[in-house]
Amino acid sequence: RIGRGFSNNRYRGYYKRIADIPGVKLVPVETQSYHLIDRSRAVATITGSAAWEAVLRGKPAMIFGYPWFQDLSGLLKIRGVESCKEAIGRIQAGFAVDEQSVLRYLLCLGRVSIRGFCSPINGKYSGLTKQESMHNITQELIKELKTSTVWT
């Protein structure tokens with residue numbers, strides 16, 4: 001039954017159990033992520049944008065999944081208990097994000113990116129029309145096909 005305090009994604013009492021863990025504080029969903037990031041030593045997420053936001057703000061981030069930006073400097077990849085312990089130890093020892101490495105990553109990302117979107121939700125704030133996006137993506141695909149050795 002769906003009702004107050006229940007979500008299709010979480011069982012009844014899920015958040016209460018988390019809040020009962022010593023040292024854990026739940027914050028309102030409308031809390032700005034930057035507010036939390038700026039006051040943290042590091043961020044941990046599965047594949048969320050919070051890791052991207054943290055590293056761009058100079059904070060290390062632990063990732064438990066495989067986000068598109070997984071090779072960004074400043075991310076600590078967690079693949080199990082041991083790598084998690086190691087990452088926490090590195091953070092406690094003062095692991096810092098190398099700003100120059102992040103800037104190089106962003107520069108390279110800009111060089112290989114296409115200005116466009118695949119879904120209307122992603123394009124909402126792009127400043128592009130659907131037609132402009134399709135044109136940009138199509139032109140890049142045509143360019144790649146022309147230079148591909150598969151077709152020559």
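1. Contacts of Thr-45. In this predicted model, Thr-45 touches Ala-51, Met-62, Ile-63 and Phe-64, leaving aside residues up to four places away in sequence. Thr-45 belongs to strand β1, which covers residues 43-45. Its relative accessibility is 18%, and therefore Thr-45 counts as buried, the limit for that term being under 20%.

2. The largest nonpolar core. One of the contacts of Thr-45, Ala-51, is also among the members of the largest nonpolar core that touch the most other members. This core has 14 residues, and the others in that leading group are Val-55, Ala-61, Phe-69, Leu-72 and Leu-75. Two or more residues come from each of the elements α3 (49-56), β2 (61-63) and α5 (99-112). Helix α3 gives the most to this core, namely four residues.

3. Leu-72 and a separate core. Not counting residues up to four places away in sequence, Leu-72 is in contact with Trp-52, Val-55, Val-102 and Tyr-105. Another core, of six residues, lies apart from the largest one; Leu-76, Ile-78, Cys-84 and Ala-87 are among its members.

4. Aromatic pairs. The structure holds six aromatic pairs. One of them joins Tyr-11 and Tyr-14: the ring centres are 5.5 Å apart and the planes stand at 90°, so this pair is edge-to-face. Both residues count as partly exposed, Tyr-11 at 44% relative accessibility and Tyr-14 at 23%.

5. Trp-68 and Phe-69. The rings of Trp-68 and Phe-69 have centres 5.3 Å apart and planes at 80°, so this pair is edge-to-face. The two partners stand in contrast as regards accessibility: Trp-68 counts as exposed at 59%, whereas Phe-69 is buried with a relative accessible area of 2%. Phe-69 was named above among the core residues that touch the most other members. Ring pairs link Trp-68 and Phe-69 with Trp-52 and Tyr-105 into a cluster. Of this cluster, Trp-52 and Tyr-105 have already appeared among the contacts of Leu-72.

6. Arg-57, a ring and a salt bridge. The charged end of Arg-57 sits over the ring of Tyr-34, at 4.2 Å from the ring centre. Arg-57 also forms a salt bridge with Asp-38, in which the closest N and O atoms are 2.8 Å apart. Because Arg-57 lies in the loop between α3 and β2 while Asp-38 lies in helix α2 (residues 33-38), the pair ties together parts that are 19 residues apart in sequence. Both count as partly exposed, with relative accessibilities of 37% for Arg-57 and 39% for Asp-38.

7. Other salt bridges. The whole structure contains five salt bridges. One of them joins the side chains of Asp-20 and Lys-16, at 3.0 Å from N to O. Asp-20 and Lys-16 are both exposed. In another, the side chains of Glu-140 and Lys-143 meet at 3.3 Å, N to O. These two residues are three residues apart in helix α7 (residues 130-147), and they are therefore separated by about one helical turn. Glu-140 is partly exposed, with a relative accessible area of 24%, and Lys-143 counts as partly exposed at 46%.

8. A buried charge. Which side chain of opposite charge is nearest to Glu-53? The residue in question is Arg-57, 7.4 Å away; Glu-53 is buried yet has no salt bridge. A salt bridge would require a nitrogen within 4 Å of a carboxyl oxygen. Glu-53 is located in helix α3, the element that gives the most residues to the largest nonpolar core. Its contacts, not counting residues up to four places away in sequence, are Ser-33, Tyr-34 and Ile-37. Tyr-34 is also the residue whose ring lies under the charged end of Arg-57.

9. Ala-19. Helix α1 (residues 14-19) includes Ala-19. This residue is partly exposed, with a relative accessible area of 35%. Leaving aside residues up to four places away in sequence, Ala-19 touches Val-24 and Leu-26.

How values were computed
Residues numbered from 1 in each chain as written. Predicted model: local features only at pLDDT ≥ 70, side-chain atom pairs only at ≥ 80, totals over all residues. Heavy atoms only, no water. Buried < 20%, exposed > 50% of the residue type's maximum accessible area, 1.4 Å probe, protein only. Contact = heavy atoms within 4.5 Å. Core = buried A, V, L, I, M, F, W, Y, C linked by side-chain atoms within 4.5 Å. Phe/Tyr/Trp six-rings, centres within 6.5 Å; stacked < 30°, edge-to-face > 60°. Lys NZ or Arg CZ within 6 Å of the ring centre and 35° of its normal. Lys, Arg positive; Asp, Glu negative; His and termini not counted.
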